[in-house]
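Me: I'm new to reading protein structures, and I'd like to go through one with you step by step. Could you put it up so we can both look?

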Amino acid sequence: MDSKLFGLAQTEWRWLIAIYLFLAGAGGGAHITGVAADFMGWTTVATIGICLGWPCVLIGCLCLLADLGTVQNAWRVARKPDTSWIARGTIIISIFMIVAFIHTILWAWPGTMAGGDATARHVVGVIGAVFAFGTMVYTGLLLGDAIPMPFWSTALLPILFFFSAASTGVMAVILAGVFAGVEESTLLTLARADIVLIVVEALVLAAYLHGSYRHPNTRMSAEHVLSGPAATMFWMGVVICGLLIPLVIDALGIHGTGAAIASILGLIGGLCLRYVVLAGGAMYPMSAAGTDFRPVRRPKDPMPAMGKLPPS
Amino acid sequence: MASYGMVIDLNRCYGCYACMLACKVANHTPPNVFWSRVLKGESGTFPNVVRQSLPVLCFHCEDPGCVKVCPTQATYIGDDGVVVIDKDKCVGCKYCLMGCPYGARYTVPEWKSYFPEGLPLSELEEFQKKAWEEKSGCGVATKCDFCTSRREEGKEPSCVVACPANARIFGDLDDPDSEVSIRIKTDKGFVLKPEQGTKPKVYYTPPR
């Protein structure tokens with residue numbers, strides 16, 4: 001890694017965890033969008049949101065399981081909710097998926113979101129929305145509990161992840177809505193809601209990176225993201241694809257294919273955001289007796305031939 | 001019960017890496033896994049430059065960042081103050097690797113030899129692979145355990161015994177008459193990253 005974070009940055013949580021964080025957030029956001037749409041009487045959008053939410057989270061969980069070193073023990077992960085955010089998150093996500101699944105098979109899938117007694121559906125919807133909110137926020141809290149990583153232990157991170165999750169959730173619903181033939185006016189209303197979410201997300205992101213840049217312990221992490229090896233993914237992925245293009249498309253009121261493309265780019269941006277935050281997670285060096293101990297990059301292998309097998 | 005800790009005398013340590021290698025030999029750690037390692041740092045400006053060595057290992061903290069975040073209770077503080085990992089409970093989520101401010105925890109997804117891949121394993125490597133998989137395991141978190149098997153035989157950890165400068169002292173911090181306790185008091189022992197609140201039990205005494 002050509003970075004000042006060499007030897008200090010964490011290297012264990014990479015794409016699989018980034019995909020999990022992203023899908024958990026977007027799935028929760030899609031679900032809340034669906035529940036809100038249900039209260040507004042937009043039955044197609046509500047169905048889309050409810051049916052999208054928990055499968056996204058489920059796929060994310062499969063990625064998480066794929067990252068584990070010893071999957072056989074995975075049933076144990078809920079054992080320490082008093083101190084571990086992984087344990088708490090497992091409980092929150094499990095309850096969310098169960099409630100959302102119930103919502104789906106009772107009302108969304110059979111197509112009965114429109115008629116019938118709305119009370120039970122609304123109650124289940126609100127419960128699901130509460131746990132969806134928990135799913136969207138807990139990923140940031142989980143990273144924040146890793147005390148040695150000052151880049152992650154800030155209250156701005158769960159807030160940032162929440163708005164990114166909300167925005168990507170709405171965009172996922174818009175994307176599916178374009179293909180499901182939802183009316184233009186409804187999609188435009190969703191797009192206008194997304195504008196607010198994107199603007200808030202951008203402000204929180206700016207505050208987060210600015211704060212990281214100013215504090216000596218996190219400056220290197222901020223530089224890694226803004227101008228270091230993660231810069232391309234940050235500026236192209238998070239800023240341009242994830243924030244700028246969707247914002248412009250939503251503001252101009254473009255619909256149809258344009259909205260679909262903007263949503264896809266927005267979703268990619270959300271994934272990139274999780275990845276760069278993970279990539280920037282680093283400890284600050286240890287110091288003792290007035291000396292800092294920064295890991296040094298090893299010189300390139302002086303005898304590369306040693307690594308090759310003899311010709312057979 | 002006891003509360004084991006250590007004192008490392010930075011005035012004596014000259015960075016020979018004997019402790020790091022003794023640990024590797026005793027615990028059969030695969031490549032890139034360093035339960036005990038030595039960091040080097042420089043300070044000062046020419047001509048008053050100091051090069052300091054800093055041996056680090058798992059500090060067996062009293063309020064460990066790793067135990068706090070472990071979701072399965074696989075890692076916990078034993079009765080003797082030694083933080084251990086129950087590899088049968090560990091799920092390999094690597095949250096504890098993120099939770100340790102000192103980089104003391106490692107995970108080995110797959111055992112690797114020090115020699116190029118494709119070569120048949122020597123007898124020693126077969127033994128080391130088996131010993132590693134039995135004691136620590138692949139796909140789980142691993143770290144220094146203050147050489148539990150040696151302590152059961154009444155010996156001190158390998159790194160302590162191997163140090164040619166006698167810079168490492170191991171003992172019971174609960175015992176005010178043990179050498180560790182005395183040295184921490186008389187030589188003004190300090191810990192690393194105290195602001196993280198982990199309360200490490202390995203102290204350093206400053207170079208004079």
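Reply: Sure! Before we start, here's one rule we'll need: the expected span of a helix is 1.5 Å times one less than its number of residues. Keep in mind that this is a predicted model.

Me: Okay, let's use that rule. How far does helix α4 of chain A reach from its first C-alpha to its last?

Reply: Helix α4 covers residues 118-144 of chain A, so you count 27 residues, and at 1.5 Å a residue the expected value is 39 Å. The model comes out close to that expectation. The reach of α4 in chain A is 39 Å.

Me: Where is the kink in α4(A) centred?

Reply: Look along α4(A) for a bend of about 35°. The residue at its centre is Tyr138(A).

Me: Now Val99(A): is it buried or exposed?

Reply: Val99(A) sits in helix α3 of chain A. It touches Val124(A), Ile127(A), Gly128(A) and Phe131(A), leaving aside residues up to four places away in sequence. The cut-off for being buried is 20 or more other C-beta atoms within 10 Å. Val99(A) has 21 of them, so it is buried.

Me: And how far apart are the C-alpha atoms of Val99(A) and Ala129(A)?

Reply: Along the chain, Val99(A) and Ala129(A) are 30 residues apart. In space, the separation of their C-alpha atoms is 9.3 Å.

Me: How many of the 24 residues of α9(A) are buried?

Reply: Helix α9 of chain A runs over residues 257-280 and reaches 35 Å, close to the 34 Å expected. It is largely enclosed by the rest of the structure, because so many of its residues are buried. Out of 24, the count is 18.

Me: Which helix gives the largest share of the largest nonpolar core?

Reply: That core has 158 residues, and Phe96(A), Ala172(A), Val173(A), Ile174(A) and Val276(A) have the most contacts inside it. The largest share is 14 residues, and they come from residues 156-180 of chain A, which is helix α5.

Me: Which residues does Ala172(A) touch, not counting those up to four places away in sequence?

Reply: Ala172(A) is one of the residues with the most contacts inside the core. With its sequence neighbours left out, the list is Ala26(A), Ala30(A), Leu52(A), Ser263(A) and Leu267(A).

Me: Let's zoom out. What radius of gyration does chain A have?

Reply: Chain A has 9 helices and 2 strands, and along the sequence the pattern is α-α-α-α-α-α-α-α-α-β-β. Its C-alpha atoms fill a box of roughly 70 × 55 × 45 Å. With 312 residues, a compact globule would be near 20 Å, and chain A agrees with that, so you can read its value as a match: 22 Å.

Me: What about chain B, what percentage of its residues count as buried?

Reply: Chain B has 7 helices and 9 strands, and its C-alpha atoms fill a box of roughly 50 × 40 × 35 Å. Its radius of gyration is 18 Å, which agrees with the value near 17 Å for a compact globule of 208 residues. Of those 208 residues, the buried part is 46%.

Me: Last one: which element gives the most to the side of chain A that touches chain B?

Reply: In total, 32 residues of chain A are in contact with 43 residues of chain B. On chain A's side, α3, β1 and β2 each supply at least two residues. With 3 residues, the one giving the most is β2(A).

Note on methods: Residues are numbered from 1 along each chain as its sequence is written. Chains are lettered from A and ligands numbered from 1 in the order in which they are written. This is a predicted model: local features need pLDDT of at least 70, side-chain atom pairs count only at pLDDT 80 or more; totals for chains, interfaces and linings use all residues. A nonpolar core is a set of buried Ala, Val, Leu, Ile, Met, Phe, Trp, Tyr and Cys residues joined through C-beta atoms within 7 Å. A residue is buried if 20 or more other C-beta atoms lie within 10 Å of its own, exposed if 12 or fewer, and partly exposed in between; C-beta atoms are placed from the backbone. Helices (H or I, at least four residues) and strands (E, at least two) are DSSP runs, numbered from the N terminus. Two residues are in contact if their C-beta atoms, placed from the backbone, lie within 7 Å. The radius of gyration is taken over C-alpha atoms; the globule rule is 2.2 Å times the number of residues to the power 0.38. The bend at a residue is the angle between axes fitted to the seven residues ending there and the seven starting there.
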